[in-house]
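Grab your viewer and a Ramachandran plot for these short exercises. Each task comes with a solution you can follow step by step.

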Amino acid sequence: DDKAWASALSLVPRSFLVGNAMELLPFVFTGWALADGSRDVVMTAPLLGNERALLYFVPMVRHLQAQGGLASVAHTRPVAFLICGPYVEKASRRLFQMAGLSPVPSFNRDHRGYIAFNGQVWIGSAEDLDFAISKDRQLLNAASFVAIDDLAAFAKKASLEAILRHLPPYAWGTTMIWMPTWQQSLYPALQAFTDSPAYLRASDSVWNAMELAEIAKVSEVSGRVASYVARHARSRVMVFATNPDEMREALSAFDVEGRLDAPADSPQLVRVAEAAERWEGEEYFDVVIHAGAPPNREEYSRRLAACRRFAVAMVSVEDKAPRLLAAWQAFAEWAAHLLRGRGKQLVRRAMITHNDLERVQAELQKIAEERVAKQQQIEEKAAIEGGGGTSFTDDFMVGQGELIWAA
């Protein structure tokens, strides 16, 4: 109902949202609201590149509106800066230009002559910004909004430290930082760029659980699930299935220890729930398997808040003519993110050949097994030698006045 928010959102082209099949998660809305209140925000969540472009776009537009900076600025300096990699840069430039706004034009670092850095928003890499500062020492003087996309990618580069030295002293305004997962080693960098920030983490980043994906024919899914359940006999396993009764029946044939009927506090518990419906459970599990497609990204993220070790998405295709099931098609963009490489290319095809399917299936299963085995080695070593954990809740130092909120 807020007219100011409506004004900023109206600048987001519908074609950008629809064309990228994006879901606006409540987590993103919370980040916008905090940044809009001039609060520094550190966000930890698995977001796609286009989603991150939108994450920064709305609060930056609100910031420009507050400063009267949406008018023509052909000869003014940028006040908002987005430091990012090439994919987010491309998506952000397209989004700002589609909205009729003027980011500082991209440039070639090999250019030796004069470069005019005029525009409403700076978008580019830390190296590009460091180079621009060497050409124009006053470039950051008006900075009042700084966003850093994927801090880990820039944290060890001298260019990021150089930028910090050129920002206005004491405080420059709002800072937004995004990271795919929490990394305790980045805490000093976060302190350097933020002042009493709010730390937001999406549900599936609370434990930094490993996310894996496989491609399987419908007739193969229950067998793959049974394989994971058997191999992790001393773990708590949660299975989300298209048909829970059929999945329970398939697993019961191998359930000699009665794990399907174990009490809620059992360390060997196996539970099966409906994949397409909201899960109301509050237990935690070591392994979460999606044998059926989740209803949406928000529910998928929420479920992974209960996952402490690793999660597997069994992306399913039809048996006779291998193509994604309709339920998985709606989740295809995120499934592609999980699969990467040849698996990503495969899941985006309308049709899949049997030969391609078999080859990529074997490849993904090998990757999943190797990553799980490696994680087990790390956990066993940590148990023997001691040391910090890898999750946000293990490592983050609570009690310094920060707001910590899990979506």
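**Exercise 1.** In this predicted model, find which residues have the most contacts inside the largest nonpolar core, then list the partners of Leu-55 beyond its sequence neighbours.

*Solution.* Start with the core itself: it holds 41 residues, and Leu-55 and Phe-57 have the most contacts inside it. Next, ask who supplies it: helix α4, spanning residues 49-66, gives the most, namely nine residues. Now zoom in on Leu-55. Skip anything within four places in sequence, and you're left with contacts to Val-28, Trp-32, Met-43, Leu-47, Met-176 and Trp-178. Finally, don't merge everything into one cluster: a second, separate core has 31 residues, including Trp-122, Ile-133, Phe-154 and Ile-177.

**Exercise 2.** Work out where Ser-38 sits and whether this serine is buried or exposed.

*Solution.* First, the backbone: phi of Ser-38 is near 65°, so we have a positive value in a residue that isn't glycine. That's worth a second look because most residues other than glycine have a negative phi. Second, the location: Ser-38 lies in the loop between α3 (26-36) and β1 (41-44). Third, the surface: its relative accessible area is 57%, and the cut-off for exposed is over 50%, so Ser-38 counts as exposed.

**Exercise 3.** Repeat the routine for Ser-196: what is its phi, and where is its place?

*Solution.* Phi comes out positive, about 45°, and Ser-196 is no glycine either. The residue belongs to the loop between α9 (187-193) and β6 (198-201). With a relative accessible area of 47%, Ser-196 is partly exposed.

Definitions and conventions
Residues numbered from 1 in each chain as written. Predicted model: local features only at pLDDT ≥ 70, side-chain atom pairs only at ≥ 80, totals over all residues. Heavy atoms only, no water. Helix = DSSP H or I, 4+ residues; strand = E, 2+ residues; numbered from the N terminus. Buried < 20%, exposed > 50% of the residue type's maximum accessible area, 1.4 Å probe, protein only. Core = buried A, V, L, I, M, F, W, Y, C linked by side-chain atoms within 4.5 Å. Contact = heavy atoms within 4.5 Å.
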